[in-house]
Amino acid sequence: MYCVTADYPAEWPDARIYILSDLHIGDANADWDEIHARVQRIADDERGLCVLNGDLLNTAVRNSVSDIYSETVPPMEQIKMAVELLSPIRKRIIAADTGNHENRVYRTDGLDMMRLICRELGIEHRYAPEGVLCFLRFGDKAPGERSGGRKK
């Protein structure tokens, strides 16, 4: 299992983790108002963190259940739209994995679309297609360093 560790200030009394998944960018039925509202909610929350949990793109292919002919934008444009959408919160994204929709393209053509999105956002080190185990640290001590009795 791929692991990531993310450090946050000790002053945070809490953190909220938002999950973004099943946006299906490119599908004619994608609710752009709701999608933008969800991303804005994360951006407005000073202690909001985010996990990208797949199916951000619709990526219909010729042999998939989704209708390739009803896509509103082609796959490369879907990637561009996702990157533009997520750029304001890229520093809040703690982990990302892929969904079955993005995996369609990988299985048919060997192209990992979520990896491309993460690379464009500068968070490829937080991505693994099979899932990510996250460790969140709050405080200023390195792993294994004693806190001198103070809660860190």
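Trainee: Why is Lys 80 called partly exposed?

Mentor: Lys 80 has a relative accessibility of 45%. Buried means under 20% relative accessible area, exposed means over 50%, and partly exposed covers the range in between, with a 1.4 Å probe and protein chains only. Lys 80, at 45%, therefore counts as partly exposed. Please note that this is a predicted model, in which local features need pLDDT of at least 70 and side-chain atom pairs count only at pLDDT 80 or more, whereas totals for chains, interfaces and linings use all residues. Residues are numbered from 1 along each chain as its sequence is written, and side-chain values use heavy atoms, with hydrogens and water left out.

Trainee: What makes the contact of Lys 80 with Glu 84 a salt bridge?

Mentor: The term requires a side-chain nitrogen of Lys or Arg within 4 Å of a carboxyl oxygen of Asp or Glu. The closest N and O atoms of Lys 80 and Glu 84 are 4.0 Å apart, so the pair qualifies. Both residues belong to helix α2 (residues 75-86), and because they are 4 residues apart there, about one helical turn separates them. Helices (H or I, at least four residues) and strands (E, at least two) are DSSP runs, numbered from the N terminus.

Trainee: Which residues form salt bridges with Arg 115?

Mentor: Asp 112 does so, with closest N and O atoms 3.8 Å apart, and Glu 124 does so at 3.2 Å. Arg 115 is partly exposed, with a relative accessible area of 28%, and Glu 124 is likewise partly exposed, at 24%. Asp 112, by contrast, counts as buried because its relative accessibility is 16%. The structure holds 9 salt bridges, and one network of them links Asp 14, Arg 16, Asp 45, Glu 46 and Arg 47.

Trainee: How many disulfides does the structure hold?

Mentor: It holds 0. A disulfide is a pair of cysteine sulfur atoms within 2.5 Å, so a count of 0 signifies that the structure holds no pair meeting this limit. Cys 50 and Cys 118 are nevertheless both buried, each with a relative accessible area of 0%.

Trainee: What makes a group of residues a nonpolar core, and which residues have the most contacts inside the largest one?

Mentor: Such a core is a set of buried Ala, Val, Leu, Ile, Met, Phe, Trp, Tyr and Cys residues joined through side-chain atoms within 4.5 Å. The largest has 29 residues, and Leu 20, Leu 52, Leu 86 and Ile 117 have the most contacts inside it. At least two of its residues come from each of α1 (32-44), β3 (48-53), α2, β4 (93-97) and α4 (113-121). The largest share, 6 residues, comes from α2. A second, separate core of 6 residues includes Ala 6, Tyr 8, Trp 12 and Leu 49.

Trainee: Why is β3 described as largely enclosed?

Mentor: Of its 6 residues, 5 are buried, so the rest of the structure largely encloses β3. This strand pairs with β2 in the parallel sense over 5 bridges, and pairing needs at least two bridges found by DSSP. Leu 20 stands opposite Leu 52 in β3.

Trainee: Where is Ser 21 found, and is it buried or exposed?

Mentor: Ser 21 is in the loop between β2 (16-20) and α1. Its relative accessibility is 17%, so Ser 21 counts as buried. A polar contact of 3.2 Å joins its side chain to that of Asp 22.

Definitions and conventions: Polar contact = N/O pair within 3.5 Å; in protein donor to acceptor, adjacent residues only side chain to side chain.
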